[in-house]
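Colleague: I am new to reading protein models and would love some company. Could you take me slowly through a close look at one part, and then show me what lies around it?

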Protein chains: 2
Amino acid sequence: KRKRFDELVGGGSASSVNKEAFRRAVGNALERRMFITQSFSIYGGTAGLFDYGPPGCAVKSNIQDFWKRHFILEENMLEIEGPAVTPAPVLKASGHVERFTDLMVKDAGNGECHRADHLLEDVLKKMLANPLDGGKRKEIENVLARLDELGAQELGAQLKKYEVKAPDTNNEISDPFPFNLMFATSIGPRGDVQGYLRPETAQGIFVNFPQLLYYNGNKLPFAAAQLGQSFRNEISPQQGILRVREFTQGEIEHFVDPEHKDHPKFSRVADLEMLVFSREKQVSDVKRPVTMKLGDAVKSGIMDNETIAYFIGRVYTFMVAIGINPERMRFRQHLEHEMAHYAEDCWDCEVESSYGWIECVGIADRSAYDLKQHAAATNKEMGAWITFDKPKFVEELVVEPISKVLGKAFRKDAKTVVSALKTMTEENALKMKAELEKSGEANLKAFCDGGDFVIKKDMVKIERETKKVSGKFITPGVIEPSFGIGRILYCMFEHTYYVRESAEGEKEDDKKVVFKFTPLVAPTKCTVFPLLQKEEFNVVCRDVCNSLVDSGLSTIIDVTGTSIGRRYARTDELGVPFAVTVDHDTLEDNTVTLRERDTCSQVRIPISDLCATLKNLSSMKTKWEEVQAQYPSQGGSASAAKEENRTEATYSLRCP
Amino acid sequence: KRKRFDELVGGGSASSVNKEAFRRAVGNALERRMFITQSFSIYGGTAGLFDYGPPGCAVKSNIQDFWKRHFILEENMLEIEGPAVTPAPVLKASGHVERFTDLMVKDAGNGECHRADHLLEDVLKKMLANPLDGGKRKEIENVLARLDELGAQELGAQLKKYEVKAPDTNNEISDPFPFNLMFATSIGPRGDVQGYLRPETAQGIFVNFPQLLYYNGNKLPFAAAQLGQSFRNEISPQQGILRVREFTQGEIEHFVDPEHKDHPKFSRVADLEMLVFSREKQVSDVKRPVTMKLGDAVKSGIMDNETIAYFIGRVYTFMVAIGINPERMRFRQHLEHEMAHYAEDCWDCEVESSYGWIECVGIADRSAYDLKQHAAATNKEMGAWITFDKPKFVEELVVEPISKVLGKAFRKDAKTVVSALKTMTEENALKMKAELEKSGEANLKAFCDGGDFVIKKDMVKIERETKKVSGKFITPGVIEPSFGIGRILYCMFEHTYYVRESAEGEKEDDKKVVFKFTPLVAPTKCTVFPLLQKEEFNVVCRDVCNSLVDSGLSTIIDVTGTSIGRRYARTDELGVPFAVTVDHDTLEDNTVTLRERDTCSQVRIPISDLCATLKNLSSMKTKWEEVQAQYPSQGGSASAAKEENRTEATYSLRCP
C-alpha cells in the first residue's frame with residue numbers, strides 16, 4: 001500500500017524532467033485548444049494575467065455552478081455578491097493594509113523586483129543539488145524548512161550569508177522590504193478616497209454580517225458565501241495559473257457559537273476516508289499522511305471539531321466529483337507558525353500536480369477575529385444573541401440605594417451618593433455590607449470615590465440575588481473554507497489529461513491527447529458527426545444538435561470532411577465525453593451511434609432516446625455501463641477501430 | 001391604442017410624486033429582504049457600490065445563466081473570460097485613455113465635484129417648471145435637447161449664461177474639464193506599469209480576435225461573448241443601481257464580413273413585433289415609437305441589416321422571458337450625434353422605469369474600428385480571409401522583367417533595374433509599354449527613379465492578365481450587443497413588483513408586497529410549510545425539501561409558528577412562485593397542497609409527482625394552468641382565503 005502511494009505522489013520514480021515534460025504537454029494542449037491563454041498576448045502579454053478561452057470558460061463555469069449547488073444550495077447558505085473595489089478603512093480593519101505583504105528585494109543594477117524568499121530558496125536548492133558535507137546540508141535544509149517563518153531582518157541576513165545575487169544580471173540586491181500585494185486605486189473624482197481591489201472575497205461577507213444575521217432570523221449557526229474575483233499584485237508571478245494577479249475565489253464563512261461546533265449533518269461524512277496529514281505527522285520523522293475516516297479524526301482530536309471536519313468532508317466530495325484523483329489529494333494541517341495568531345485550526349486541501357503539492361482549498365477556524373476587528377473599527381454591533389437550551393440561574397450582587405431615605409439625609413448631595421453606591425465594585429460593596437452589618441453605618445469614602453458621607457444601614461440594600469438568564473450575547477466564531485477556483489481547475493486538467501498510445505505505423509506526433517473530464521465539468525457534452533460529408537446526413541445532424549441544445553445540453557456539430565477518427569480525436573482533446581454519429585442506417589431506422597470517450601465503446605440508440613439519455617449521462621444520474629446494458633453495442637469497423645487506437649497509455653507520470 | 005400606451009409609459013397620468021413613491025416602495029422591499037444593499041454600510045457606505053444579498057444574488061445568477069443559455073449556447077458563441085486589470089496600451093488603442101471622460105466642475109468653496117451636464121440640466125428643468133415666456137422656454141428646451149452634444153467650452157458658456165452655482169453650497173463653480181472615468185492602478189511591484197480596471201468587457205474580446213478566429217476554424221461570421229465586472233469611476237453616482245461604479249456587463253462581439261450582414265436565422269425573428277423608435281420618429285414632431293415587425297424594419301431600411309435586427313429580436317425575447325413588460329420596452333435608434341464617429345448604426349433597448357426610459361442594452365454596429373485600432377497599436381494581423389462564393393476574375397497589369405537579357409545588358413546594375421521595373425506604378429508601366437511599342441526602347445529614368453538605363457523591348461514584358469481571385473483579406477465588421485445586467489435586473493424588479501390590496505379591517509401597513517418573478521428568475525422556486533407547528537408535519541416537510549434540493553430546485557422550508565397567511569406573505573415578498581403545504585391529509589394519503597403565488601390558487605398533488613411538476617414549472621416547460629387541469633383544485637378555508645386577500649391591486653403606477 002505504501003509503495004502504491006509513493007508512485008502516486010511522485011515521490012519516488014517520477015523525475016523532475018519527467019514532470020516538466022508532462023507539464024509542458026498539458027500546457028500545450030490547454031493553449032492549443034484555447035482552454036487558457038496569456039492575457040493581452042498581442043500586446044506582449046502581462047505576467048500573472050490569463051484569459052479563459054471558450055472550452056476553459058465552459059469548464060470553469062461548470063465547476064462554479066457545481067460549487068454553488070454543492071455548497072450554497074445543498075447547505076442552504078446565504079450567497080452575496082459585493083464589489084471588488086473596496087475603501088481603505090475596511091482593509092485597514094482586516095489587517096490587509098498593514099500586513100498583506102511579501103518581502104521583496106530590488107536588483108541594484110536595473111531595479112528589477114524579486115521575491116526575497118524565492119531567491120534564497122532557488123540558491124539553497126541549487127546548493128543541495130551539489131555534493132555538500134553533512135553539516136552544511138543539514139544547515140541548509142533547516143533554513144529551507146523555516147523559510148516562510150523568516151522576517152525581513154533574518155531573511156536579509158540569510159541572503160547575505162549565502163551571497164545571493166539577482167538572477168539573470170548577477171547584480172547586488174537590496175535588503176528585503178515588505179511590498180503590499182494589494183492593487184491600489186482611488187474612488188471618486190476628488191482623488192482623496194483611497195481604495196484597493198479586494199485581496200479576498202471574505203471581507204465582503206464579514207462587513208455584511210449584521211444584515212445576514214437578520215436575514216437568517218437572528219439565528220446561529222449559518223453560512224454565507226461569495227464567489228468572485230480577487231486581486232493580488234504578485235511580485236513575480238510564476239507557475240502559470242497557479243499564482244496569478246487576478247483570480248476567482250469562492251469563500252464560505254460559517255458563523256457559529258464558539259462553544260457549539262458540533263454539526264447536525266456530521267454523521268453523513270463521518271465514514272469518508274481520505275489522506276490526512278496532521279501537524280503531528282508533519283513534524284515526526286515519517287512525514288507521511290495517513291488514510292483516515294473523518295469520524296476518527298474528530299474522535300482522536302486530530303481535527304478540532306465536527307464543523308471543520310464536516311467542511312473537509314464536503315470539500316473532499318466536491319473535489320472528487322469534479323475529477324480530482326482522491327489518491328493525489330490530501331488534507332494537511334497548518335503548523336503553528338503557518339497560522340495567523342487568531343486562527344484556532346487550519347487545514348489545506350492540497351492536490352498533487354507537476355508543480356508539487358498545491359494548496360487548492362484552505363479550511364480555517366478564524367475564531368471571532370474579523371468580526372471583532374470590524375466592530376472595533378466601526379463601533380457597530382457584530383454579535384449575535386445565543387439562547388441557552390435551558391435558562392441558567394446565576395447569583396448576582398444587587399446594590400439598591402433607598403432614594404427616599406438618602407434624599408432626606410443628603411438633600412442636594414443625594415444624587416452623588418446614589419451614583420457612587422451604584423458604581424461600587426462588587427468587592428467594595430461586600431465590604432460595606434459587612435461594615436454596615438457590624439456597626440450599623442459606614443463612611444462612603446472608605447469604599448469608593450463618593451465623598452465624605454456617612455451611610456446608615458437603612459439607606460442601602462446590598463443583597464445576593466439569583467437571576468434567570470436565558471442566553472447571552474456573543475461574537476460568533478468563523479469557520480472559513482476558501483477555494484482558489486483557478487488552482488482547482490489547473491490540477492483537474494493535470495489529473496484528467498492522458499494520451500492514447502500511437503497505433504503501429506503512426507508517427508509520434510500523432511499522439512492523441514484526451515482530457516477525461518467528468519460529464520459534469522466537460523465543456524461540451526456531445527459532438528454530432530455525419531459519418532460521411534453528405535447533405536442528407538448533415539440535415540439529421542443539425543436536427544439532432546438543435547434538439548440537444550434546446551434541452552440545455554452544450555453540443556457541437558462537426559461536418560468537416562476529415563476522417564471520423566480524426567474528428568473523434570479533435571473532440572477527445574476538448575474532453576467531450578460523448579459523440580453521436582449519423583450514418584446510412586440512421587436514414588433507415590432513426591438510430592445513431594453513441595460513443596463514450598474513454599472506453600471508445602459504442603451503442604446503437606434511437607434518436608428519440610438520445611436527449612434523455614445524454615441529459616442523464618451528463619448530470620451523472622446514469623452511468624455509461626447502464627446505457628451499454630440497455631442498448632445494443634456497436635462495433636466500429638476494423639479500420640475505424642484501428643484509426644482510433646483503443647489502447648490507452650500513461651503519458652509520463654501516471655495517467656490516466 | 002395610443003391612449004393605452006400613454007398610460008403604460010407614464011407620460012400622462014402618473015405624476016412624478018407617484019413615481020417617486022413607487023420607487024421608494026420598491027427600494028424598501030429590495031432592501032428589507034436584502035435583494036440589494038449599499039456596500040460597506042457599516043463603514044458609512046460608498047456611493048455607487050452595491051451588494052447583492054441572498055435573493056438578489058440568486059435572481060442575478062438566474063438571469064446570467066439564462067443569458068448564457070439564450071445567447072452563448074443557443075447561438076453557438078465563443079465565450080471568454082479575461083481579467084479586469086488591463087495594461088494601459090490596450091486602453092490607449094481603444095481610445096479610452098484619451099476619450100472615456102465626463103465633464104466635471106468643482107465647487108470653488110469645498111472642492112466637491114459635480115457632473116457639469118447634470119448641474120445645467122437640473123437648473124434648466126427647474127426654470128421650465130416655472131412660468132416663462134415662449135421664447136425663453138423654447139431656448140431652454142433647445143439647450144436641454146442638445147445637452148449631450150455640448151463640448152467643454154460650450155457647456156461652460158451655458159453654465160455661465162444660466163448662472164449655475166454648486167448645489168447645496170451655492171458656491172461658484174470651476175469651468176468644466178474632462179475627468180477620465182477609469183479606475184487607475186499600477187501592475188507589478190516596480191510601479192512603472194500603468195494599468196486600469198476595464199471600463200467594458202468588449203476590449204478583452206477584441207484583443208483575442210486572432211486566437212478566436214483560429215479557434216473557429218478561420219471562418220466568419222462568429223460571435224464571442226464575455227460576462228464579467230466592469231468599472232467606471234462615476235463623478236457622482238445616483239439613481240441606485242442604475243449608475244454604479246462597478247457592474248456586471250455582458251458583451252457580445254459578432255464578427256462579420258461587412259459586405260454580408262444577412263443572417264441565416266433572421267426568418268425566425270422577422271415576425272416579432274415590438275416598439276421601434278427610429279431616428280426619423282425622434283426628430284419628427286410626433287416623437288413616438290411605432291409597433292413594427294423586425295422584418296418590416298429591415299425591409300424599409302429603418303434597421304440597417306439583418307444581423308443587427310436579428311440581435312434586436314434575440315434581445316427582445318430575452319427581456320420578455322426574464323419578466324420585462326414588452327409594452328414598457330422600446331428599441332430606440334441613436335441620433336447621429338449620439339453615435340461614435342466609427343459606428344454605422346446603433347439601437348438601445350430602453351425600458352421604462354420610475355426613473356424614466358433606461359438604456360439596458362445597446363446594440364451597435366461598430367464597424368471595424370476596434371480591430372483596426374489594436375492592429376495599428378500592435379502591428380499584428382487582425383483580419384480574416386474571406387472566400388468568395390464564386391472565384392472572381394480580375395484584370396491585372398503584370399510587369400515581368402526578363403532577367404537573362406537584363407543581366408547580360410547591365411551586369412552589376414541589373415538588380416537595380418529589375419527592382420525599378422517591378423515597383424513602377426501602373427500608370428508609368430503603361431506609358432513605358434506604349435513607348436517601347438512605339439520606338440522599341442525607353443529610358444528608365446523617364447518613368448521612375450531607376451537611373452539612366454535604356455530598356456529595350458525584349459528586356460521586359462508588360463501585359464494585362466486576367467487572374468482568378470478566390471477571396472480576399474478583410475478586417476471584419478463588428479456588431480455588438482452590450483448588456484448592463486444590473487440595470488436589466490432593476491427594471492425587472494420594478495416591472496414585477498405589486499401589492500395585494502388590504503382586506504377589510506386590515507391596516508394600511510399590512511399591504512402585502514409581491515414580486516411576480518417568472519419561475520425562471522425566481523431566487524427560490526418553492527417554499528415548504530407545515531400547516532401547523534407539529535413535529536410529524538416537520539418531518540415530512542424536511543423530506544420534501546431535501547428531495548427538491550437534491551433535484552437542483554432552490555427550496556426553503558419555513559417551520560416557524562406564524563400563521564400560514566403570514567408565511568405565504570413572506571415568500572410572496574421574495575417572489576417565490578410556488579408553495580407546498582403539509583397538513584393532516586398528507587399523513588393519510590401522501591398528498592400536499594401546491595399554491596401558485598399570483599393567482600393564489602391551489603391544487604392537491606401527490607408528493608411523488610411534486611419534484612417533476614415543480615421542475616417543469618420552474619423551467620417554464622409546464623404552465624400552471626396545465627397543472628391545474630391535471631390535479632384537483634383545493635379551496636383554502638374561508639379564513640385562509642381572507643387572510644391571503646386574493647384581490648390584487650395596482651400600487652401606484654400600473655402594476656401588475
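Modeller: Happy to! Please keep in mind that this is a predicted model. To get a feeling for scale, start in chain A, where the C-alpha centres of domain 2 and domain 3 of chain A lie 67 Å apart. Domain 2 of chain A covers residues 104-180, while domain 3 covers 391-469. The other two are domain 4, with residues 501-649, and domain 1, which is put together from the pieces 2-100, 186-369 and 480-484.

Let us look closely at one small sheet of chain A. Three strands make up this open sheet, in the order β6-β5-β7, and they pair in the antiparallel sense. At its edges are β6 (113-115) and β7 (177-180) of chain A, each of which has a pairing partner on one side only. On average, neighbouring strands here are turned by 55° against each other if direction is ignored. Strand β5 of chain A, residues 101-106, is joined to β6(A) by three bridges. To find this pairing on your screen, pick M104(A) and look across to R115(A) in β6(A), which stands opposite. A helix also packs on the sheet: α6 of chain A, residues 116-129, touches both β5 and β6 of chain A. The direction of helix α6(A) makes about 70° with that of β6(A).

From here we can cross to the other chain. The contact between the two takes 84 residues from chain A and 84 residues from chain B. The size of an interface is often given as the accessible area lost when the parts come together. Between chain B and chain A, the buried area is about 6500 Å², and carbon and sulfur atoms give 60% of it. On the chain B side, I42(B), Y43(B) and E81(B) supply 12% of the area that this chain buries against chain A, more than any other three residues.

Now for a strand inside chain B. Strand β11(B), residues 246-256, is mostly covered, with eleven of its eleven residues buried. Its side chains point two ways: E246(B), T248(B) and G250(B) are among the residues on one side, while F247(B), Q249(B) and E251(B) are among those on the other, and all are buried. Two strands pair with β11(B). With β10(B), residues 222-231, there are ten antiparallel bridges, and G228(B) stands opposite Q249(B). With β21(B), residues 477-484, there are six antiparallel bridges, and the bridge partner of G250(B) is F483(B).

Let us finish with two single residues of chain B. S354(B) sits in the loop between β15 (345-353) and β16 (356-367) of chain B. S354(B) counts as buried because its relative accessibility is 4%, and buried means under 20%. Residues touching S354(B), beyond those up to four places away in sequence, are K19(B), F22(B), R23(B), Y490(B) and E494(B). With E494(B) there is also a polar contact of 2.5 Å between the side chains.

T466(B), in strand β20 (residues 460-474) of chain B, gives another picture. T466(B) counts as exposed because its relative accessibility is 54%, and exposed means over 50%. Leaving aside neighbours within four places in sequence, T466(B) is in contact with F393(B), V394(B) and E395(B). Try one last search: K525(B) is 59 residues from T466(B) in sequence, and the two lie 68 Å apart in space, C-alpha to C-alpha.

Definitions and conventions: Residues are numbered from 1 along each chain as its sequence is written. Chains are lettered from A and ligands numbered from 1 in the order in which they are written. This is a predicted model: local features need pLDDT of at least 70, side-chain atom pairs count only at pLDDT 80 or more; totals for chains, interfaces and linings use all residues. Side-chain values use heavy atoms; hydrogens and water are left out. Two strands pair if DSSP finds at least two bridges between them. Helices (H or I, at least four residues) and strands (E, at least two) are DSSP runs, numbered from the N terminus. Axes are lines fitted to C-alpha atoms, for helices over the stretch in contact, and angles run from 0 to 180 degrees between N-to-C directions. Contact means heavy atoms within 4.5 Å. Buried means under 20% relative accessible area, exposed over 50%, partly exposed in between (1.4 Å probe, protein chains only). A polar contact is a pair of N or O atoms within 3.5 Å; within protein, one must be able to donate a hydrogen and the other to accept it, and residues adjacent in sequence count only if both atoms are side-chain atoms. Domain bounds come from an automatic or database domain assignment. Buried area is the accessible area (1.4 Å probe) that two parts lose on being put together, summed over both.
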